[in-house]
Each structure stands twice: as structure tokens, then as C-alpha cells.
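This report looks at pairings between side chains of opposite charge. The sequence and structure come first.

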Amino acid sequence: MRTLLILASIFLEIQFHLTGSQAEHQQSLGANNEVVPLKVSLHKGEDVNKIPTTEILAQSRSTANLPCKIGNPGAGTITWVKDRQLLTVGMNTHSVDKRFVVIHSSTDWTLQIRAVTIEDAGIYECQITSHPVQRHFVRLRITEAYSVIPGAPDLHVKQGSSLRLECQLMAAAESPQYVFWYRQGRMINYDEEPGVKVELTKNGSILMVNKTKPVHGGNYTCDPSNARSSYVVVHVIEEEEKPAAMHGGDRRNLSPAILASNFLVSLLAAVSWRIPSFTSLYPT
């Protein structure tokens with residue numbers, strides 16, 4: 001019995017010693033580790049369609065602005081994350097891609113993406129390291145605009161008539177800053193060519209020629225600042241002069257082939273009346 005009591009007391013001392021050592025070890029780890037901001041991202045299998053998300057549509061090669069408004073300016077550190085990749089921390093850009101910039105004003109921490117591409121589309125998350133952590137999601141959609149010229153790829157106009165080419169932007173989210181027109185590879189926007197005018201519109205550009213000449217024919221290309229270019233080939237149809245035989249002109253202007261043909265017709269007509277018909281030679 002005495003032996004059992006001794007063994008029980010030894011066991012309790014060992015258990016107490018192990019518990020104390022574990023507590024000291026945890027305190028030591030807590031004193032040495034730095035506190036880092038909590039990064040919350042989409043979990044696997046989480047349905048983002050059920051999360052309140054702001055939709056932003058941007059055009060390829062333009063600038064996209066993703067908003068993130070917070071109620072308390074001093075709530076904590078604001079970070080932007082996409083696909084588990086940290087893009088910005090506060091006002092600083094963490095990503096190696098320097099197209100990502102934070103525009104801050106009072107309660108707004110807008111993520112600005114310059115010269116966006118199709119690869120930039122996706123879900124962006126704005127995180128505020130408050131307690132609890134605040135999360136705002138923005139879905140960025142990218143549209144790749146293109147241009148069309150009605151009448152392409154070939155357009156025929158008569159010499160002396162007016163020519164009107166319209167460059168229309170399709171699937172565009174914003175107006176172009178400029179639209180350059182090229183004829184046979186040469187820019188003509190700023191050429192002081194008589195009768196040629198270029199006008200920028202909200203949805204593209206219009207090129208007008210008052211009286212077309214043969215020199216106005218060729219390949220025309222419109223190149224918007226924020227859309228794919230398009231082209232059209234203009235064919236200027238010159239008025240054909242009527243042959244002199246059709247309007248009583250001088251026979252000296254006729255070609256040798258026409259003169260020979262006219263001579264042969266005249267000769268057959270002169271001979272035919274001299275040849276008696278078969279009915280006169282062999283009466284019935």
C-alpha cells in the first residue's frame with residue numbers, strides 16, 4: 001500500500017512538471033513571433049456568386065478603377081488580393097507588376113490597374129484588418145473592343161462622287177481618345193489635302209472626301225486608340241469614254257481593227273446586191 005502511494009505521488013509530480021514546461025514554451029513562442037495581418041481569401045469551394053460583389057467593366061488597354069470604401073478610416077491596414085496573390089499593402093504596391101496602384105481619398109481605397117489586359121479579369125478582394133476582418137469583392141470584366149468599316153472589305157465609288165468612310169467601335173466601354181486613318185500605310189489625319197476631312201465621333205471616326213479622284217483609291221485603315229484596327233479597299237471607277245463610232249467622231253481616231261471590220265461590212269453589202277438569188281436563176 002505504501003508503495004502504491006509513493007508511485008502515485010511520483011506520477012503527479014511528473015505530470016505537473018510537463019504541464020508547466022509546455023506553458024512556458026508557448027509563452028516563449030508568443031513573445032518571439034511577430035503579429036502579421038490576417039489575410040483572408042476565397043476558400044476552396046466557396047461560391048463567390050453568393051457574396052456581394054461589385055461589377056466593373058473595363059476595356060482592354062484602358063485604365064480600370066476598382067473601388068473599396070470603408071466606414072472607419074482607422075479600422076486597420078487595407079490590402080488588395082487576387083488569386084491569393086498580395087497586390088498592395090496600404091499605399092504601397094507589393095506586386096512586381098507596377099500597373100497596380102492604390103488611389104486613396106478619405107474612406108476610399110481604389111485599386112487602379114493601368115493598361116488592362118484580358119488576363120487581368122477576375123475576382124479582386126479588398127481586405128481591412130479590423131476585428132472582425134472586413135472583405136469587399138470586385139469582379140473585373142474585360143471587353144476587347146474592335147472596329148468595323150461598313151462596306152468592307154471592298155468599296156467601289158465613281159470618280160467625282162463623294163466618299164464617306166465610318167470607323168465604328170464595337171464592344172467598347174468608352175470612347176477612343178483618337179482614331180488614326182491611313183491610306184496605303186500613310187497617316188492622313190493631319191495632311192492638308194483639299195476635300196479630305198477627318199472627324200472624331202463618340203463611337204469612332206468619319207473620313208470624308210468631297211470629290212474622289214483616282215489618287216483617292218487604295219487601302220484605308222482606321223486605328224483607334226483602344227480597339228483593334230480595321231481596313232477597307234476603295235476602288236475609284238473612272239468614267240469610260242465612248243468610242244468615236246458611237247458619237248460620230250473622226251474616223252482617224254478609230255483603231256485598225258474597227259476600220260477593217262467596217263470595210264468588210266461595207267464590201268459585203270456592196271457585193272450582195274449584184275449577186276442574183278437562186279430563185280432568179282432557176283425559176284419554178
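## The E125 pair

With which residue does E125 form a salt bridge? The partner is R135, and the closest N and O atoms of the two are 3.0 Å apart. The model is a predicted one. E125 belongs to strand 8 (residues 122-128) and R135 to strand 9, so the salt bridge ties together parts that are ten residues apart in sequence.

The two partners can be set side by side by accessibility. E125 is buried, at a relative accessible area of 3%, because buried means under 20%. R135 is partly exposed, at 28%.

## The E55 pair and its network

E55 and R141 also meet through their side chains in a salt bridge, at 3.0 Å from N to O. Here E55 lies in strand 1 (residues 53-59) and R141 in strand 9 (residues 134-143), so this pair ties together parts that are 86 residues apart in sequence. E55 is partly exposed, with a relative accessible area of 44%; R141 is partly exposed, also with a value of 44%.

## The D191 pair

A salt bridge is also formed by D191 and R186, whose closest N and O atoms are 3.3 Å apart. D191 counts as partly exposed at 26% relative accessibility, and R186 counts as exposed at 54%. Returning to E55 and R141, salt bridges that share partners join these two and R139 into one network.

## Whole structure

A search of the whole structure finds eleven salt bridges. Among them are the pairs E125 with R135, E55 with R141 and D191 with R186.

Conventions: Residues numbered from 1 in each chain as written. Predicted model: local features only at pLDDT ≥ 70, side-chain atom pairs only at ≥ 80, totals over all residues. Heavy atoms only, no water. Salt bridge = Lys/Arg side-chain N within 4 Å of Asp/Glu carboxyl O. Helix = DSSP H or I, 4+ residues; strand = E, 2+ residues; numbered from the N terminus. Buried < 20%, exposed > 50% of the residue type's maximum accessible area, 1.4 Å probe, protein only.
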